[in-house]
Amino acid sequence: MPENPSWNAEGGRPAEKGPGFHPKHWQDRLDELRAAHHVPGAALAVLSGGEIHELASGVLHRGTGVETTTDSVFLSGSIAKVYTATLVMRLVDEGRLDLDARVCDVLPEFATPDPAATKAITVRQLLSHTGGVTNDFNHDSGRGDDCLTRYVQAARDVPLDCPPGTAISYGGLGYIVLGRLVEVLTGRTWDQALKDLLFTPLGLERSMTLPEEALRFRTAMSHLGDPGADPDPAPAWDLMPRSAGPAGRVIVSAGDLARFARMHLDGGLAPDGTRVMSAQAVAAMQRREVDVPDKWTVSADGWGLGWTLYDWDGIAGYGHDGAAIGQYSYLRVVPRAGVAVVLLTNGGAARRLYAELFAELLAELAGVRVPDAFAPARNPPVVDMTALVGTYRREGVVITVTRHDGGGARMLYEFVDGMKDLSPPLDMELTPLSQTVFAASGAGPSFSEDYMPVVFSTLTDGTRVCYVGMRATPKIG
């Protein structure tokens, strides 16, 4: 047996360690940091030196004590968007879809309350979150195979966050529309298309989309709780309806997510040499489509076609984050180094675990310096809040910015409409970093354990917006 063996997912057999990767050291760090940050269970997969190394720590369920193993599956949340984007790019490869086609031309059932916007929104804009559609339209359209059809029909009455092409606004609704587009062009449900076109050719045996499929595997339970304490099992494993799948539900092991990332690193090739997508499509997904005003929420510098894009002091990378009722997932890829790192968790201060662990891993394996955590300025500037105070509204959310007697500012963040039961209102103090960027304290672990970025911006059409969680919320008063 080689020194410092790692363990792969194919039956737990030892594999040669990749250059610079020392499994025992990283297992110790994973165990240490997971416990320090009250994360019940975590799975880590690292692609380095051409090998995928898989580690696990903690428990899947604090109530039952079932151990986390490398073959355990977790809810990956919004990382599902990258899978949907990859399906769309396969259709582009096959000549069945044009990135700059108007969505309504390919999918006549698609519409918005603004007829002009409906006719303007393109496939490229939905992939890059520049179509103006919202994120928080939480509509349960049932469990049937027609759930995406029914969701898209219901979404016709949902207002846009902003006019198409005026700004980035992170939008799950757009990815559900893209999922429906995949169905129309393939003649399959989105779930089946994902299996046939990605899971099967890549040999991803621990990747699925439906809760009942997860019952075949060791499955992570969601956990919720106050910061600084061990969280308890959540009242529900997952609250998302089936229609949310293309934007928010791929259930996956850390190793399978790393294998999916390896296909992108290998220019679209499966391990057996099968071409899953063209090298040109892979490159297009990583090409910057838009800069982002909020560079802190998901550490983004820009957005491609599905991928979040990073610039670590001149070293380019891509990836995505995901969250699903207490489960948090992180994927970072550094093409120059041939490195991909995946972390799946089921509660606790997962963002702190991610920040510390990835900073160490990416520094050692890829020479990357991860930016410092978002925090208030030591000497906050004086900001004239006159133009910023007021009410901001989008589907599912109302934000109210006020000044208080001490001269500072506060923000009340409320879920409304179909989102009203997700969380109680959040009342947060705003501390300025600049004239338009503020650090909000008191958001809670569902948003950020420390400080949450709040960014004020003006769209190209002159509309003032408030960015929270990468979502643009227009000012209405």
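## Working through a predicted fold

At 2% relative accessibility, histidine 129 counts as buried (buried is under 20% relative accessible area, exposed is over 50%, and partly exposed is in between, using a 1.4 Å probe and protein chains only). This is a predicted model, where local features need pLDDT of at least 70, side-chain atom pairs count only at pLDDT 80 or more, and totals for chains, interfaces and linings use all residues. Residues are numbered from 1 along each chain as its sequence is written, and side-chain values use heavy atoms, with hydrogens and water left out.

**Exercise 1. Set histidine 129 beside aspartate 313: give phi, location and burial for each.**

Step 1: start with the backbone. Phi is near 60 degrees at histidine 129, a positive value in a residue other than glycine. Aspartate 313 also isn't glycine, and its phi is positive too, near 50 degrees.

Step 2: find the loops. Histidine 129 sits between helix H5 (123-127) and helix H6 (147-154); helices (H or I, at least four residues) and strands (E, at least two) are DSSP runs, numbered from the N terminus. For aspartate 313, look at the loop between E13 and E14.

Step 3: check burial. Histidine 129 is buried at 2%, whereas aspartate 313 is exposed, at a relative accessible area of 66%.

**Exercise 2. Lay out the nine-stranded sheet, then find the helices that pack on it.**

Step 1: write down the order. The sheet is open and runs E5-E4-E3-E16-E15-E14-E13-E12-E11, with antiparallel pairing; two strands pair if DSSP finds at least two bridges between them. At the edges are E5 (66-67) and E11 (290-291), each pairing on one side only.

Step 2: zoom in on one pair. E15 (residues 327-334) and E16 (residues 339-345) run antiparallel and are joined by six bridges. Within this pair, valine 333 faces alanine 340 in E16.

Step 3: add the helices. Helix H1 (residues 23-36) packs on the sheet and touches E3 (41-48), E4 (51-61) and E16, its direction making about 30 degrees with that of E4. Contact here means heavy atoms within 4.5 Å. Helix H13 (residues 350-366) also packs on the sheet, touching E3, E13 (308-312), E14 (315-324), E15 and E16; its direction makes about 165 degrees with that of E16.

**Exercise 3. Describe how H2 packs against H12 and against H8.**

Step 1: take H12. H2 (residues 80-93) and H12 (residues 279-286) pack at about 135 degrees, with axes 10 Å apart. Axes are lines fitted to C-alpha atoms, for helices over the stretch in contact, and angles run from 0 to 180 degrees between N-to-C directions. That makes H2 oblique to H12, because angles under 35 degrees count as roughly parallel, over 145 as roughly antiparallel, 65 to 115 as roughly perpendicular and the rest as oblique.

Step 2: list who meets whom. Val82, Ala85, Thr86, Met89 and Asp93 in H2 meet Ala281, Ala284 and Met285 in H12.

Step 3: repeat for H8 (residues 190-202). The angle is about 75 degrees and the axes are 10 Å apart, so H2 is roughly perpendicular to H8. On the H2 side you'll find Tyr83, Thr84, Thr86, Leu87 and Arg90, meeting H8 residues that include Trp190, Leu194 and Leu198.

**Exercise 4. Sort out the nonpolar cores.**

Step 1: pin down the term. A nonpolar core is a set of buried Ala, Val, Leu, Ile, Met, Phe, Trp, Tyr and Cys residues joined through side-chain atoms within 4.5 Å.

Step 2: take the largest. This core has 75 residues, and among those with the most contacts inside it are Tyr83, Met89, Leu198 and Phe260. Leaving out residues up to four places away in sequence, phenylalanine 260 touches Val82, Tyr83, Thr86, Leu198, Leu202, Leu204 and Trp307.

Step 3: find the other one. A second, separate core has 28 residues, including Tyr328, Val341, Ala350 and Leu361.

**Exercise 5. Place methionine 470 and name its contacts.**

Step 1: methionine 470 lies in the loop between E23 (464-468) and E24 (471-474), and at 2% relative accessibility counts as buried.

Step 2: skip neighbours within four places in sequence, and methionine 470 is in contact with Ile168, Ser169, Tyr170, Val292, Asp294, Thr297, Val298 and Trp303.
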